[in-house]
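Colleague: Please take me through how the helix packing in this model is classified, with the criterion behind each term.

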Amino acid sequence: MTPLTQTKLLSFKDNFKELVNLSLRNKLPNKLIFSGNKGIGKSTFAFHLINYLFSQDEEGSYDLEDNEININNKSYKLVSNNTHPNLLLIDSTDKKFIEVSKIREILNFSLKTSFSNKKKIVLINNVEKMNLNASNALLKILEEPSTNLFFILIHNFYKKLISTINSRCIKFNFFITESEIEKIINNVIDNDFYESLSSDFKIRYLSPKFYIDLYDFINKEKIELNDLDINFLLNYIFNKRNYLKDEFIIENLQILIEIYFYNKIISQNNFENDYKSFKQTMNKINNMNKFNLDKDSSLLEIKNIIVNER
């Protein structure tokens, strides 16, 4: 499930109500940053706000009582197909950075006539992935006064965003509780997956997206939930070399290794050695990424550290 297809808003309802009230009073800030942990639902929240703003005068308008998008709504269909004339979506897609050419698209977009005289919205996902030239270009655009052009920047708060962009926007910080995480997971997966999951994985900073992707991974690999703890999973990943071919593992291997050491460190059986091994492992991962070292050989060293830790 993607943020676009999550038509029911399951968290951050107070934030949503606040922005709706500002919109009703014509005081909605036109430069917004939604900042929080990756995968907690910031993009979903943004698409709900966009549908509310676009659909007010349309058939099947946004349901404020249930915080739900009508899938038959015209604007929802256009946004889902990335064809809405009043929305420009910018993302890093398959590239490491958002380049300046993507930001320059905003200038052309801003010159176009607004469809149905409604707000025009620029949604930048993973805004922290802008390179320096893109950041400077966006900053220049944000400094220009605009009446009907709105910016929503989705930001992973573990990544740095230049202070001058922060200072020109109104920032909303998003946090999620464990009960909200479980509610979202149960809504998407529709079973007792989270409740049955090993306590190894029930760590506060993990996002609903992580758990949903983990669920998809173990189903695809036909791993029994009863067998699943962090030791088993890392062994499986290293032996099958999933870190080279599986998108979820490629994106989350460092997090899984952090989970492994987190569980060892909080047990406090051998704190000093565990913490030393953790720092050694993180340095190897950082060097592997920084210097583009061979994954197989680097991760074999990391596997040996972890195996020796057991």
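Modeller: The discussion below covers two helix pairs. This is a predicted model, in which local features need pLDDT of at least 70, side-chain atom pairs count only at pLDDT 80 or more, and totals for chains, interfaces and linings use all residues. Residues are numbered from 1 along each chain as its sequence is written, and side-chain values use heavy atoms, with hydrogens and water left out.

Colleague: Why is H9 called roughly perpendicular to H11?

Modeller: Helix H9 (residues 208–220) packs against helix H11 (residues 247–267) at an angle of about 110°, their axes being 12 Å apart. Angles under 35 degrees count as roughly parallel, over 145 as roughly antiparallel, 65 to 115 as roughly perpendicular and the rest as oblique. H9 is therefore roughly perpendicular to H11.

Colleague: Which residues of H9 make the contact with H11?

Modeller: Contact means heavy atoms within 4.5 Å. On H9, Lys209, Phe210, Asp213, Leu214 and Phe217 take part; on H11, the participants include Phe248, Glu251 and Ile255. The contact of H9 with H11 has eight nonpolar, one polar and three charged residues.

Colleague: What makes H10 and H11 oblique to each other?

Modeller: Helix H10 (residues 230–240) and H11 pack at about 140°, with axes 10 Å apart. H10 and H11 are therefore oblique to each other, as angles outside the three named ranges count as oblique.

Colleague: How many residues of the contact of H10 with H11 are nonpolar?

Modeller: From H10 come Ile230, Asn231, Leu233, Leu234 and Ile237, and from H11 several residues, among them Leu253 and Tyr260. The contact of H10 with H11 divides into 10 nonpolar, one polar and no charged residues.

Terms used: Axes are lines fitted to C-alpha atoms, for helices over the stretch in contact, and angles run from 0 to 180 degrees between N-to-C directions. Helices (H or I, at least four residues) and strands (E, at least two) are DSSP runs, numbered from the N terminus. Ala, Val, Leu, Ile, Met, Phe, Trp, Tyr, Cys and Pro count as nonpolar, Asp, Glu, Lys and Arg as charged, and the others, Gly among them, as polar.
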